[in-house]
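Welcome! Please take a moment to look at the sequence and the structure below, and then read on at your own pace.

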Amino acid sequence: MSALPTCYMERAFELGREALACGEVPVGCVLYLPGRGIIGEGRNRVNETKNATRHAELEAIDVALHWINENESGDYKRIFCKTEVWVNVEPCIQCASALQMLGFIKVFYGAANDRFGGCGSVLDVCRSDDRFAHFELVGDIRSEEAISLLKDFYRGENPNAPCPKSKAGRK
């Protein structure tokens, strides 16, 4: 396999670091359409919006849908089946399901998501429903860096958690 175009993963990490700086779980996502470039990107905005569905992947999809409406007459199926997803943490079950239902071609991710992963760590969404296309997975890209960002987030306190638990003594 040829070298991966790491600039898309780097952008996902930049968005993840931006999310962390805003008190969000540090996940960033880039949607890349070969021949056209980045058509959508996003970062977690769950705490900011107080909406548990505002994950990086869904934020990026919203941006891409706007781009598709303006540039491709709203034909998202024709575009998403050619689009790659670059995300620094394995998509959760919710996001993996959305990516599968929308017909994305390939998902590149950094660290596995052992708590909520929808690409094999907890549930393999691609193999769970044959009614939808199966996207190709390429994981473990800069996973140590992704894990380090996640640890930075989880060491802190989440003021939006329903019952914040003290994290005293965590390293």
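What follows is a guided walk through this structure, from the whole chain down to single residues.

Please keep in mind that this is a predicted model. Let us begin with the chain as a whole. It contains 7 helices and 5 strands. If you follow the sequence from start to end, these elements appear in the pattern α-β-β-α-α-α-β-α-β-α-β-α. The chain has 171 residues, and 45% of them are buried. Among the contacts with a separation of 6 or more, 57% are made by residues 24 or more positions apart.

Now turn to the strands. They can be found in an open sheet of 5 strands, in the order β2-β1-β3-β4-β5, and the pairing in this sheet is mixed. At the edges are β2 and β5 (136-138), each of which pairs on one side only. On average, neighbouring strands of the sheet are turned by 20° against each other, with direction ignored.

The mixed pairing is easiest to see by visiting two of the strand pairs. Strand β1 (residues 28-33) and β2 run antiparallel, joined by 6 bridges. One of the positions to look for is G28, whose bridge partner in β2 is R43. These two strands form a hairpin, with 3 residues between them. In the turn you will meet G35, which has a positive phi of about 90°. Although β2 is an edge strand, 5 of its 7 residues (37-43) are buried, so the strand is largely enclosed by the rest of the structure. Another pair is made by strand β4 (residues 106-111) and β5, which run parallel and are joined by 3 bridges. Here F108 stands opposite V138 in β5.

While you are at strand β4, have a look at K106, which belongs to this strand. Is K106 buried or exposed? Its relative accessible area is 19%, and because buried means under 20%, K106 counts as buried. Apart from its neighbours within four places in sequence, K106 is in contact with T83, E84, V85, F135 and E136. Of these, E84 and V85 fall within strand β3 (residues 84-89), and E136 falls within β5.

The next stop is the aromatic rings. A pair of aromatic rings is described by the distance of the centres and the angle of the planes. How many aromatic pairs does the structure hold? There are 6 aromatic pairs. In one of them, the ring centres of Y8 and Y32 are 4.1 Å apart and the planes are at 25°, so the pair is stacked. This pair links distant parts of the chain, since Y8 is in helix α1 and Y32 is in strand β1, 24 residues apart. Both Y8 and Y32 are buried. A further stacked pair is formed by W86 and F108, with 3.9 Å from centre to centre and 15° between the planes. Here too distant parts of the chain are linked: W86 is in strand β3 and F108 is in strand β4, 22 residues apart. W86 is buried, with a relative accessible area of 0%, and F108 is buried as well, at 3%. To complete the picture, Y8, Y32, W86 and F108 form one aromatic cluster.

Helix α1, where you met Y8, leads on to a meeting of two helices. The axes of helix α1 (residues 7-21) and helix α7 (residues 143-155) come within 10 Å and cross at roughly 10°. Angles under 35 degrees count as roughly parallel, and α1 and α7 are therefore roughly parallel to each other. On the α1 side, the contact is made by F13, R17 and L20. On the α7 side, it is made by E145, A146, L149, D152 and F153. What kinds of residues make up this contact? They divide into 5 nonpolar, no polar and 3 charged.

Our last stop is S148, which is also found in helix α7. With a relative accessibility of 37%, S148 counts as partly exposed. Its C-alpha atom is separated by 9.8 Å from that of A111, and the two residues are 37 residues apart along the chain. A111 falls within strand β4, the strand in which you met K106.

Technical notes
Residues are numbered from 1 along each chain as its sequence is written. This is a predicted model: local features need pLDDT of at least 70, side-chain atom pairs count only at pLDDT 80 or more; totals for chains, interfaces and linings use all residues. Side-chain values use heavy atoms; hydrogens and water are left out. Buried means under 20% relative accessible area, exposed over 50%, partly exposed in between (1.4 Å probe, protein chains only). Helices (H or I, at least four residues) and strands (E, at least two) are DSSP runs, numbered from the N terminus. Two strands pair if DSSP finds at least two bridges between them. Axes are lines fitted to C-alpha atoms, for helices over the stretch in contact, and angles run from 0 to 180 degrees between N-to-C directions. Angles under 35 degrees count as roughly parallel, over 145 as roughly antiparallel, 65 to 115 as roughly perpendicular and the rest as oblique. Contact means heavy atoms within 4.5 Å. Ala, Val, Leu, Ile, Met, Phe, Trp, Tyr, Cys and Pro count as nonpolar, Asp, Glu, Lys and Arg as charged, and the others, Gly among them, as polar. Rings of Phe, Tyr and Trp (its six-membered ring) pair if their centres lie within 6.5 Å; planes under 30 degrees apart count as stacked, over 60 as edge-to-face and the rest as tilted.
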